[in-house]
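Student: Could you take me through one chain of this model closely, beginning with its overall make-up and ending with the local details that deserve a careful look? I would like one connected account rather than a list.

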Amino acid sequence: MAERWTQDVKPFLAKWALVAVPYLWSLLFFLAPFLIIFKISLSQTAIAMPPYVPVIGSLGDFWAKLSSFTFDNYIFLTEDPLYYSAYLSSLRIALVSTILLLIVGYPIAYGMARAPKSLRNALVMAVILPFWTSFLIRVYAWIGILKPEGLITVALQWLGFLGPNEQIHVYNTEIAVFIGIVYSYLPFMVLPLYAALEKLDATLLEAAADLGCPPTKSFWVITFPLSLPGVIAGCFLCFIPIVGEFVIPDLLGGSETLMIGKTLWAEFFNNRDWPVSSAVAVVLLIILVVPIVIFQNQQKKA
Amino acid sequence: MNKSTSWFNITSLVVGFAFLYVPILILVVYSFNASKLVTVWGGFSTQWYVELVHDQAIIDAAWVTIRVGIISASFATVLGTMAALVLDRYRKFHGRALFSGMVYAPLVMPEVITGLSLLLLFVAIGFDRGFWAVVIAHTTLTMCFVAVVVQSRLVTLDRSLEEAALDLGCPPVKTFFLITLPLILPGVVAGWMLAFTLSLDDLVIASFNTGPGATTLPIKIYSMVRLGVTPEINAISTILISVIAVGVIAASVLSHRSQVEKEKAERAVFLTN
């Protein structure tokens, strides 16, 4: 009996526990919350703590209460143009900043991949280091630079491009949001690009050059297509979280910039309307399901 | 490689890294500004650091943040390492697709969704918002990053050592602690550090799940930033940046050294054979 325990049962239990512990944790704290958010988005707002009337108390009165499900919150989202334009504006800002990130990040990743081998590890480290320092602090750093009386204005006045009483008005506009996003997400774009470009076989480019292909053409015919997995990974890694971004539009965009993350935050913390903020989150999740699934498949292949 | 492209490479590297580092540098320089105005240089001073030391609210917030970070990073490292082992070793079991989905999705999930949904779970099961709610939220978020880091280490692992131990009758659990864990340790340590800094950094998820007495440093900094730019915020930021920079650089130097030593040892073994 004891022998059977150590030989068959114990390894089986160990294996079972290894799978079960992280699995249950993720089910409870990652998946279950999404079911709850969906449930609460279907309930009515109430001025109480928690501020919603539960639709389903227990499984028992599930059927009885099914009739009291309300899609009011979703209908409300379609009635108020604020939400509609916030979703569109988030998608537009995310798309534009992902393209900007690709344009800014590609030359950096390319330069890193072509740098001498001894330098490459240090360069990767130098890209990762700002990513480790606080997101909030890095966004905050730009407030002092972009403010009307900030360092850009001071520098331009000093150089004579601006008169002593003129100021640059970038802070609290969408341009400031783009700068903040590109700055904060740059490591997420550069690292996958670098990983793809570093693997590139340099002899292919040499062969192309020997056969008389000009460097610009060989870039578009060889380098870029071969770096596509990195381009795709980098773009998804940036695009998906940017759509729901809160800190950057809140601190740099002012009241002018409309983004859904900000709307959800205001709905939850200022209006204390939990069901509507849940509905906002559910719709955002539905919008992002397709890019997330594509990203996951990409990850599995890698 | 011709000259023009290599000039292009050097320029893009210099401009790119200037873009990454100059704003942080400015932030650090202005934390030593004597003037209360953030954009006017009034001479060198450390008065904002002195003020910081006497600000009890900030010290309390810092302690909460460090405690949340250490506890959640430790939980996340255990869970994330287990998840990485499962994904690396068990290629087929029921629900594997769901499992790998749950491991990778939080990497890109917008924080407002994760934060709000976890809060609603805590309310639904009657769990108090506060310190432990933030710990659980951060564990859930950061275990995914640990899993990715550890998994990349597991992929390069030489399985023959484990197989030898198992063939010689070493039980699987003991094999893990004697063979596998020491080999993947650099990945596990890097995972812990990443989890710790992510927890240190998080504003959105902590804001949704915090309660009375559990104000973390980012929440405190955020409320100060909303009131305006002050040199005091620059001073806290500088401290945070230096702590993290020293930690990350030390860790990378250590892991580089252990890599070099490992290669040396392998070469020695090869030569003696």
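**A close look at chain B**

Tutor: The secondary structure of chain B amounts to eleven helices and zero strands, so that, read from the N terminus, its elements run α-α-α-α-α-α-α-α-α-α-α. Everything said here rests on a predicted model, and the values are to be read in that light. Along its principal axes, the C-alpha trace of chain B spans about 70 × 65 × 35 Å, and of the 273 residues in chain B, 43% are buried. Where contacts in chain B have a sequence separation of 6 or more, 77% of them involve residues 24 or more positions apart.

Chain B is divided into domain 1, made of 25-54 + 233-273, and domain 2, which covers 58-228. Domain 1 of chain B is thus given as two segments of the sequence, 25-54 and 233-273, while the C-alpha centres of domain 1 of chain B and domain 2 of chain B are 24 Å apart. The contact between them involves eight residues of domain 1 of chain B and nine residues of domain 2 of chain B. On the domain 1 side of that contact, α11(B) provides the largest share, with seven residues, and by class the side of domain 1 of chain B that touches domain 2 of chain B has five nonpolar, three polar and no charged residues.

Within chain B, one helix pair can be described in detail. Helix α7 of chain B, residues 159-167, packs with α8(B) at an angle of about 140°, and their axes are 10 Å apart. An angle over 145 degrees would count as roughly antiparallel, and one from 65 to 115 degrees as roughly perpendicular; α7(B) and α8(B) are therefore oblique to each other. The crossing in which α7(B) passes α8(B) is right-handed. From α7(B), the residues that take part are Leu161(B), Glu162(B), Ala165(B) and Leu166(B), and in α8(B) they meet Pro172(B), Thr175(B), Leu178(B), Ile179(B) and Thr180(B). Sorted by class, the residues of this contact of α7(B) with α8(B) are six nonpolar, two polar and one charged.

Further along the chain, α10(B) holds a set of buried residues, namely Leu217(B), Pro218(B), Ile219(B), Lys220(B), Ile221(B), Tyr222(B) and Val225(B), so the charged residue Lys220(B) is listed there together with nonpolar ones, because Lys counts as charged and Leu, Pro, Ile, Tyr and Val as nonpolar. Just after α10(B), Gly228(B) takes a positive phi of about 135°. One of the buried residues of α10(B), Pro218(B), also gives a link to a distant part of the sequence, since the C-alpha atoms of Asp60(B) and Pro218(B) are separated by 12 Å although the two residues are 158 residues apart along the chain. Asp60(B) itself lies in helix α3 of chain B, and, because it has 14 C-beta neighbours inside 10 Å, Asp60(B) counts as partly exposed.

The account of chain B would be incomplete without its partner. In the contact between the two chains, 66 residues of chain B meet 72 residues of chain A. Several helices of chain B each supply at least two residues of the side that touches chain A, among them α1 (3-30), α3 (56-89), α8 (172-201), α10 (217-227) and α11 (231-272). The helix that gives the most to this side of chain B is α1(B), with 13 residues. By class, the side of chain B that touches chain A has 51 nonpolar, 13 polar and two charged residues. Helix α8(B), already met as the packing partner of α7(B), is thus also one of the helices that supply this side of chain B.

As for chain A, it has 14 helices and two strands, and 42% of its 302 residues count as buried. Two of its loops hold a residue whose phi deserves a check. Asn172(A), in the loop between α7 (151-159) and α8 (174-198) of chain A, has a positive phi of about 70° although it is not a glycine, and with 19 other C-beta atoms within 10 Å it is partly exposed. Arg272(A), in the loop between α13 (260-270) and α14 (274-301) of chain A, likewise has a positive phi, near 55°, and is a residue other than glycine; with 15 other C-beta atoms within 10 Å, Arg272(A) is partly exposed.

Conventions. Residues are numbered from 1 along each chain as its sequence is written. Chains are lettered from A and ligands numbered from 1 in the order in which they are written. This is a predicted model: local features need pLDDT of at least 70, side-chain atom pairs count only at pLDDT 80 or more; totals for chains, interfaces and linings use all residues. Two residues are in contact if their C-beta atoms, placed from the backbone, lie within 7 Å. Helices (H or I, at least four residues) and strands (E, at least two) are DSSP runs, numbered from the N terminus. Domain bounds come from an automatic or database domain assignment. Axes are lines fitted to C-alpha atoms, for helices over the stretch in contact, and angles run from 0 to 180 degrees between N-to-C directions. Angles under 35 degrees count as roughly parallel, over 145 as roughly antiparallel, 65 to 115 as roughly perpendicular and the rest as oblique. A crossing is left-handed if the near helix is turned anticlockwise from the far one by less than a right angle, and right-handed if clockwise. A residue is buried if 20 or more other C-beta atoms lie within 10 Å of its own, exposed if 12 or fewer, and partly exposed in between; C-beta atoms are placed from the backbone.
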